[in-house]
Amino acid sequence: MNAMGRVCDVAVIGLGAVGSSALYQLAKRGIEAVGIDRFAPPHDRGSSHGESRITRQAIGEGEAYVPLVLRSNAIWEELESVTGERLLERCGFLFMTRDDAGTSHHGHAGFLRRTRDAAERFKIDHEVLDAAEIGARFPQFIGLAGDETGYYEPGGGYLRPERCIAASLSEARRAGARIVTGMRVCAIERGADQVRIRTEREEVVARHAIVATGPWLPQLAKPEIGRHVAIRRQVLHWFPVHDISAYRAGLTPSFIWTHGLDSAEQFYGFPPIDGLVKVAREDDAGDFDIEQASREADFDEGPAMAARHVTRHLAGLAALPSKSAVCPYAVTPDTDFLISSEEGATVVSACSGHGFKHAAAVGEAAAALSIGELSSLDLPQFGPGRFNT
Ligand SMILES: Cc1cc2nc3c(=O)[nH]c(=O)nc-3n(C[C@H](O)[C@H](O)[C@H](O)COP(=O)(O)OP(=O)(O)OC[C@H]3O[C@@H](n4cnc5c(N)ncnc54)[C@H](O)[C@@H]3O)c2cc1C
């Protein structure tokens, strides 16, 4: 450190899903990089906690995401082999709907058809199931109406988010990155050939900054970028398994299920982890105050999840959750990611409730952009300019 504070080539601000991945890639390539986080990741204040995140390879949100998830899976597997940690569980993924054209997921009607089209185009192993086949193959799903269609992808499953972040950071550190936690970045000042990063404690000077602050992104991004991001409160619930017979190993995919004829009648969940099944629904109600709002679920949210979704549709679970957690995320108007790279700073958010599965590749792409390389992935479509047309 000199009189100006730390000097480095690239500073990565925010070490959650995306920032930890970017730092890992920079360090692996021998770039002098510093990672800064206001907390000590992995932590439970941002968008990346709660033990599990669904991953699938045929991406109904858009075919541009398929190369991102395939590249991410390769990176998670590389991290698994160097750390010995289990990060990616390929237990299968099942999407179920009763009215594909009339309901939507992540803003896209016909999500099953879009997913199936992507699977066919990228030759991703999958099956299309009717209600009888779903009921016979997966006894944990009950209360089927009889008109469901399912898209089943055996190579899908879930990621363990806290372990992914910890693995990226430990490998980044091992490859030479400096990591500073418990230090909030207050402002970024872009100069002609350097960026000054003012924190609560010191100043960091870098040639380029990657801003990967997730649901805090509007605080540090330029207003013309940050204004496209809203923050939404999401609640996760864990239900104890009382009858394990419906959850036979190898037959318990992660799932997204629209069990009614309205998109609001949708929830998603995971196989049991340590005797608990985690479920949630995507909530787009109201803005979330990321600094002030409570991270506790309201007392009536667990019973509401049980009554509306779990009791009628999942076998063998307790009547009420044993724990719940609040986990906010950033969302854009079209639910696509936001990546903006210009002189001095790359602002990146794998957002809108579907970003974890892509975070390793998005972090790698941000690392490439920060050192002036073009990413081989199709990133221009995620630029903020799309909102001005
Ligand atoms: C409930 C929920 C369920 C989800 N389910 C799925 C799923 O099933 N599948 C899927 O693919 N995706 C899912 N997602 C989306 C995915 O988890 C997020 O897109 C992803 O975790 C976002 O990562 P991030 O790096 O952008 O943000 P984060 O992981 O939140 O990281 C941001 C980091 O920036 C730090 N930071 C913020 N401000 C500052 C500052 N001023 N100075 C220094 N550091 C700062 C924070 O401390 C934090 O560590 C879900 C999200 C939520 C919330």
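This passage describes the ligand site, the domains, and the cavities and pockets of a predicted model.

In the domain assignment, the chain is divided into domain 1 (6-48 + 161-227 + 336-388) and domain 2 (93-154 + 235-281 + 294-327), and the C-alpha centres of domain 1 and domain 2 lie 32 Å apart. Both domain 1 and domain 2 give residues to the shell around the ligand, so the ligand lies between them.

The ligand is surrounded by 36 residues, of which Asp37, Ser48, Arg53, Ile54 and Ala350 are the closest. When sorted by class, the residues of this shell comprise 19 nonpolar, 12 polar and five charged. Oxygen atoms of the ligand are approached by both side-chain and backbone atoms of the protein: a polar side-chain atom of His43 lies 2.8 Å from a ligand oxygen atom, a backbone N or O atom of Ala17 lies 3.1 Å from an oxygen atom of the ligand, and a backbone N or O atom of His354 lies 3.2 Å from an oxygen atom of the ligand. Taken alone, the ligand would expose 1,000 Å², and 98% of that area is buried by the protein. Two or more residues of the shell are given by each of the elements α1 (17-28) and β3 (53-55).

Apart from the ligand site, the protein atoms also outline open pockets. The largest pocket has a volume of about 430 Å³, and among the 17 residues that line this pocket, His106, Gly107, Glu282, Asp283 and Asp284 are the closest to its centre. The elements β6 (104-105) and β21 (329-331) each give two or more residues to this lining, which divides by class into three nonpolar, nine polar and five charged residues.

For the second largest pocket, the volume is about 190 Å³, and its lining is made up of Gln234, Val235, His237, Arg281, Asp283, Glu301, Ala304, Met305, Arg308 and His309. Two or more of these residues come from each of β16 (235-240) and α8 (301-313), with α8 giving the most, namely five residues. The lining of the second largest pocket has three nonpolar, three polar and four charged residues.

The structure also holds three cavities of 30 Å³ or more. The second largest cavity, with a volume of about 40 Å³, is lined by Gln140, Phe141, Tyr247, Thr252, Pro253, Phe255, Phe270, Pro271, Val277 and Leu314. In this lining, eight residues are nonpolar and two are polar, while no charged residues are present.

Methods: Residues numbered from 1 in each chain as written. Predicted model: local features only at pLDDT ≥ 70, side-chain atom pairs only at ≥ 80, totals over all residues. Heavy atoms only, no water. Near = heavy atom within 4 Å. Polar contact = N/O pair within 3.5 Å; in protein donor to acceptor, adjacent residues only side chain to side chain. Areas by Shrake-Rupley, 256 points an atom, 1.4 Å probe, with all protein chains shown as cover. Helix = DSSP H or I, 4+ residues; strand = E, 2+ residues; numbered from the N terminus. Nonpolar A, V, L, I, M, F, W, Y, C, P; charged D, E, K, R; others polar. Domains from an automatic or database assignment. 1 Å grid on protein atoms, 1.4 Å probe; cavity = no way out; pocket = protein on both sides within 12 Å on 5 of 7 lines; lining within 4 Å. Points joined across faces, edges and corners; volume = space filled by probe spheres on them.
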